[in-house]
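Here is a short question-and-answer tour for the bench. Take a look at the sequence and model first, then read on.

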Amino acid sequence: MPSTDTAFWYANPAARDWRTAAPSSALVYHQTLEGYAPTPLTPLPLLAAELGVAQVFLKNESDRLGLPAFKILGASWAVCRAVSERFGLDVSGITVPELRDFLTGDIPADQVPVLVTATDGNHGRAVSRMAKLLGLTARIYIPGGLSDAAIDGIKSEGAQLVPLDLTYDDVVEAAAASTADNPRDLLIQDTSWPGYEDIPRWIVDGYTTLFTEIDQQLAGLGFDSPDLVACPVGVGSLAHALVDHYRSDGHPHPSLLSVEPETAACIAQSLLAGKPVTVDTSFPSIMSGLNCGTPSELGWPSLLAGLDAAVSVTEDECRQAVIDLTVLGQDAGPCGAATLAGVRTALKGEDRRRALNIGPESVIVLVSTEGLAANPLR
């Protein structure tokens, strides 16, 4: 049940025993991209002392392949897979330059794809970047309330911007509908619905590179595994990757926590209801990339079975987390800093700490999905 304040809290004591198939890995593909390097995993001892644990690490996605957010991991792999499948190309071992050469030299102009998506910020910019790298055009649909920085970032990639005075969910529908009678259009959307599952699955597969890096970086520092990984959530695609990675054989099995804005807690409210629900997202949030109203259908079974807990945070809690991380030298936008706000809320009270199996020797990883350049604090 929700807590006595206005925040949402959900816990599933069976989650750590649930297992699923490992997601496909896109790491080898990502390693072929120009500028690829693992993003930093930074220890924050002052936060560890505050939270009463041994270690807190921040996985900082403020500079991922030249963009200020993690989304390029999913967008790059999904675009590569989708374009390759459309033209019958062998995706194994393919590189962006090879794909660009094919698209700009080997097919008629009237068959060159146009990449289309809806976005609340970072995903749209990532798809636009892939269009630029491949010599393609992109058409990006955005809802009202998006920050000027996010809009300018998408424009900087050369994409056509289609602003709509609608909520994010309605903009997703509009973007999908726009492709119905346009055979060149290729929808690269990071949420799923019946009949549209392959591309969202490839996006999830792309995100698993982030968690593979965390495992490798912790091992390099002498840690067997994290005890808790906290992840910000919009429709749940990144959390889907989180769950499938850590609930599959051959990987650690830590506690997993999702964090959402209080005003757009579609995952927490769905988990509390035991079924997907849609929430009203007309109220703006500084966590604009998390301001989503409906869980991804593809990810829902994994989230329901594999998340240990879900929590929502207020605008003020998130704002304070951004400020605190900045003081500690960490570049984290509101969506990224939400995980610190969420862990602070989740570890209030011994019952919640027990639910997450957290004690004085625990190691916590906060996934910070964006820098302030992607979404400045407003």
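Buried means under 20% relative accessible area, exposed over 50%, and partly exposed in between (1.4 Å probe, protein chains only). Helices (H or I, at least four residues) and strands (E, at least two) are DSSP runs, numbered from the N terminus. This is a predicted model, where local features need pLDDT of at least 70, side-chain atom pairs count only at pLDDT 80 or more, and totals for chains, interfaces and linings use all residues. Residues are numbered from 1 along each chain as its sequence is written, and side-chain values use heavy atoms, with hydrogens and water left out.

Q: How many of the 15 residues of H3 are buried?
A: H3 covers residues 72–86. Its buried residues include Ile72, Trp77 and Val83. The helix is mostly covered, and the buried count is twelve.

Q: Which helices and strands are included in what covers the buried residues of H3?
A: Contact here means heavy atoms within 4.5 Å. The cover includes strands S4 (114–118) and S7 (185–187). On the helix side, it includes H1 (27–31), H4 (96–105), H5 (122–134) and H8 (198–220).

Q: How far does H3 reach from its first C-alpha to its last?
A: The expected span is 1.5 Å times one less than the number of residues. For H3, with 15 residues, that gives 21 Å, and the actual reach is close to it. The value is 21 Å.

Q: Which residue just after H3 takes a positive phi?
A: Look just past the end of the helix, where phi is about 70°. The residue is Gly88.

Q: Which strands are the edges of the open sheet?
A: Two strands pair if DSSP finds at least two bridges between them. Four strands line up as S6-S5-S4-S7, with parallel pairing. Those that pair on one side only are S6 (160–163) and S7.

Q: Which residue in S7 stands opposite Val116?
A: S4 and S7 pair in the parallel sense, over three bridges. Opposite Val116 stands Leu187.

Q: Which residues of S11 point the other way from Val363, Val365 and Val367?
A: In a regular strand the side chains alternate between the two faces of the sheet. S11 spans residues 363–368, and six of its six residues are buried. Pointing the other way from the three valines are Ile364, Leu366 and Ser368.

Q: Which residue of S11 is the bridge partner of Leu228?
A: S8 (residues 228–232) runs parallel to S11, joined by three bridges. The partner of Leu228 is Ile364.
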